[in-house]
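Thanks for coming. I will take a few minutes to walk through one structure, and I will start with a term we need before the details.

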Amino acid sequence: MGSLTGKTAVVTGSTSGIGLAIARAFAGAGANVVINGFGVPADIEHERSGIETDFKVRAVYSPADMSKPAEIAEMIALGDKTFGGVDILVNNAGIQFVSPIEDFPIEKWDAIIAINLSSAFHAIRAAVPLMKKRGWGRIINTASAHSKVASPFKSAYVSAKHGIDGLTKTVALELATFKITCNCISPGYVWTPLVEKQIPDTMKARNMTKEQVINDVLLTAQPTKEFVTVEQVAALALFLCGNDAAQITGANLSIDGGWTAA
Ligand code: NAD
């Protein structure tokens, strides 16, 4: 029996990167999981069935678009219908766009606020009644070092992540007496497709080569000079689900190689 046997976890944005590592860590601890995110259908099915065969749990896929409140409610309902409840919610889906503010496309601002911030509100709103019914719950929001400090050219992302910090604290206080915790994890740079994809735009915005962006923009912020791994973030998320973390709520936990200490 794993520490999460009998629990159901919904992990948004889990077809890739950090979310996929979290979903696999939770499944490894015995949870049934609802995975979510975009991608090639065959690849998603490969990930879904891989979780089932590797960890002997059940995994279902929700295609919900995190910019659409009704689809987010359907994702939570899918977990409830399939597994009889939702015990753990990880709001992890996120996108990035890098541009000077005067050129920042309005539709990119709207999409980042919707996917990186409002989706967490909609998912928490739908999941909390299910957690209250079971008298237990864990809500984990993937924030970022950018929930604590800013970087130029990331106005929407930094605003959304600072918003996640405020949402986390508010929800933690509201649920403090219900055995439901709400925390956010704030990684520094983790090597995932999200980071890889922003390199060309940063090269353009700062007139730099790829190597300069990696060493002088990304890892320059990180005193350890190493990327965080998705497995390290997943291990922290798993810890937050355990009984040892029952008194950790409303926290914004950095896993950033010392970035926000500087
Ligand atoms: P990723 O690009 O590998 O994964 C993002 C996931 O979100 C994918 O599964 C994608 O399909 C999904 N997604 C995107 N738009 C969606 C939508 N509209 N609806 C549903 N799913 C959607 O990126 P990642 O690096 O794993 O990022 C995951 C989270 O971690 C994000 O919130 C990101 O801001 C945060 N984060 C990442 C880093 C980093 O360095 N990689 C650092 C700090 C925080």
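A crossing of two helices is called right-handed if the near helix is turned clockwise from the far one by less than a right angle, and left-handed if the turn is anticlockwise. Keep that in mind, and keep in mind also that what you see is a predicted model.

Now the helix pairs. Two packed helices are described by the angle between their axes and the distance between the axes. Take helix H1, residues 17–28, and helix H8, residues 230–241: their axes come within 8 Å and cross at roughly 50°. An angle of that kind is neither under 35 degrees nor in the range from 65 to 115, so H1 and H8 are oblique to each other. The crossing of this pair, H1 with H8, is right-handed.

The second pair is helix H4, residues 106–134, and helix H5, residues 155–174. Here the axes come within 8 Å and cross at roughly 15°. H4 is therefore roughly parallel to H5. The H4 and H5 crossing is right-handed.

Next, the sheet. Strands of a sheet pair through backbone hydrogen bonds, either parallel or antiparallel. In this model 7 strands make up an open sheet, with parallel pairing, and the order across it is E3-E2-E1-E4-E5-E6-E7. Which strands are at the edges? They are E3 and strand E7, 252–255, each of which pairs on one side only. On average, neighbouring strands of the sheet are turned by 20° against each other, direction ignored.

Let me go through part of that order strand by strand. Strand E1, residues 8–11, runs parallel to E2 and is joined to E2 by 4 bridges. Val10 has Val34 in E2 as its bridge partner. On the E3 side, strand E2, residues 32–36, pairs with strand E3, residues 59–62, again in the parallel sense and over 4 bridges. There Val34 stands opposite Val60 in E3. Between E2 and E3 the chain passes through helix H2, residues 41–55, and this β-α-β crossover is right-handed.

Further along the chain, strand E6 spans residues 180–187 and contains Ser186. Is Ser186 buried or exposed? Ser186 has 0% relative accessibility and so counts as buried. From Ser186 to Ala23 is 163 residues in sequence, and 17 Å in space from C-alpha to C-alpha.

Then the cysteines. How many disulfides are there? The count is 0 disulfides, the rule being a pair of cysteine sulfur atoms within 2.5 Å. For Cys184, the closest cysteine sulfur is in Cys182, and at 7.6 Å that is too far for a bond. Cys241 is in no disulfide either, as the nearest cysteine sulfur, that of Cys182, is 12 Å away. As for exposure, Cys184 counts as buried at 0% relative accessibility, and Cys241 is buried with a relative accessible area of 3%.

Last, two backbone details. Most residues other than glycine have a negative phi. Lys179 is not a glycine, yet has a positive phi of about 60°. Lys179 lies in the loop between H5 and E6 and is exposed, with a relative accessible area of 61%. Asn207, also a residue other than glycine, has a positive phi near 55°. Where is Asn207? The loop between helix H6, 193–206, and helix H7, 210–218, holds Asn207. Its relative accessible area is 72%, so Asn207 is exposed.

That is the end of my part.

Note on methods:
Residues are numbered from 1 along each chain as its sequence is written. This is a predicted model: local features need pLDDT of at least 70, side-chain atom pairs count only at pLDDT 80 or more; totals for chains, interfaces and linings use all residues. Side-chain values use heavy atoms; hydrogens and water are left out. Buried means under 20% relative accessible area, exposed over 50%, partly exposed in between (1.4 Å probe, protein chains only). Two strands pair if DSSP finds at least two bridges between them. Helices (H or I, at least four residues) and strands (E, at least two) are DSSP runs, numbered from the N terminus. A crossover is right-handed if, with the strands pointing away from the viewer, the path from the first strand over the helix to the second runs clockwise. Axes are lines fitted to C-alpha atoms, for helices over the stretch in contact, and angles run from 0 to 180 degrees between N-to-C directions. Angles under 35 degrees count as roughly parallel, over 145 as roughly antiparallel, 65 to 115 as roughly perpendicular and the rest as oblique.
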